Amino acid sequence: SAASDVYKRQILPHMKTRGKGHIVFLTSVAAISGFTQQLALSVSQFAIQGLYESVVEELRIAKLDKIVKTTLVHIYPFIISENLKNDIRLRVPGFFGSIRADKAAEAVIDGVRKNKTEISIPKYCLFISHVLKILPRQVTLMIRDFLDAGVDF
């Protein structure tokens with residue numbers, strides 16, 4: 001793909017020459033599970049997740065993972081406070097809380113500075129998403145139906 005070509009021919013050689021680098025992959029909650037009625041968005045977000053996994057493995061095998069760091073950032077856009085006026089439905093509005101856009105940006109920068117491999121905005125959603133992955137599908141569907149958040153986990 002074009003992104004892979006740019007990465008291999010331009011970005012990675014520059015980072016190798018400098019002896020350091022950091023690649024940040026931004027994705028939304030759609031990379032963890034699909035959104036209803038948003039097939040194109042879900043596919044593109046899963047693609048970013050796949051690109052991240054491939055780059056991490058490539059760096060590890062090439063023994064470049066010590067000089068080129070990577071961070072995967074999951075952003076839950078319905079939690080950014082400026083977006084709450086959109087058509088997002090929340091059965092339990094206070095359950096997710098909200099975060100201002102500038103605070104979300106600070107969290108991303110903080111995660112990169114600390115060389116975190118994976119973060120989410122807000123932080124607790126990463127834990128929730130990992131827990132939901134190990135639960136049976138029927139349980140995650142029940143949780144989704146209960147929260148009725150307008151997004152799929």
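**Pocket lining, cores and helix H5**

The residues lining the second largest pocket divide into 4 nonpolar, 3 polar and 3 charged. The model analysed here is predicted. The space in this second largest pocket comes to about 160 Å³. Its lining is made up of Tyr52, Val56, Leu59, Arg60, Asp65, Val68, Lys69, Thr70, Asn115 and Thr117. Two elements each supply at least two of these residues: helix H2 (39-61) and strand S2 (68-75). H2 gives the most, with 4 residues.

The overall architecture was examined next. The protein contains 6 helices and 3 strands. Read from the N terminus, the order of elements is α-β-α-β-α-α-β-α-α. The protein has 153 residues, of which 33% are buried. Among contacts with a separation of 6 or more, 60% join residues 24 or more positions apart.

In soluble globular proteins, nonpolar side chains tend to be buried together. The largest nonpolar core of this model holds 11 residues. They are Tyr7, Leu12, Met15, Ile23, Phe25, Tyr52, Val55, Leu59, Leu64, Val68 and Leu72. Helix H1 (2-18), strand S1 (21-28), H2 and S2 each give two or more residues to this core. Another core, of 6 residues, lies apart from it. Its members include Val73, Ile99, Ala104 and Ile121.

Some residues of the largest core recur elsewhere in the analysis. Tyr52, Leu59 and Val68 belong to this core, and Tyr52, Leu59 and Val68 also line the second largest pocket. Tyr7, another core member, touches Leu12, Pro13, Ile23, Val55, Glu58 and Leu59 when residues up to four places away in sequence are not counted. Of these partners, Leu12, Ile23, Val55 and Leu59 are listed in the largest core.

Helix H5 was considered separately. H5 spans residues 124-134, and its buried residues are Cys125, Leu126, Ser129 and Leu132. These four lie on the same side of H5, because they cover an arc of only 130° around the axis. The face turned away from that buried side carries the exposed residues Phe127 and Ile134. Both of these exposed residues count as nonpolar. Ser129, by contrast, is one of the buried residues of H5 and counts as polar.

How values were computed. Residues numbered from 1 in each chain as written. Predicted model: local features only at pLDDT ≥ 70, side-chain atom pairs only at ≥ 80, totals over all residues. Heavy atoms only, no water. 1 Å grid on protein atoms, 1.4 Å probe; cavity = no way out; pocket = protein on both sides within 12 Å on 5 of 7 lines; lining within 4 Å. Points joined across faces, edges and corners; volume = space filled by probe spheres on them. Core = buried A, V, L, I, M, F, W, Y, C linked by side-chain atoms within 4.5 Å. Buried < 20%, exposed > 50% of the residue type's maximum accessible area, 1.4 Å probe, protein only. Contact = heavy atoms within 4.5 Å. Arc of directions from axis to C-beta.
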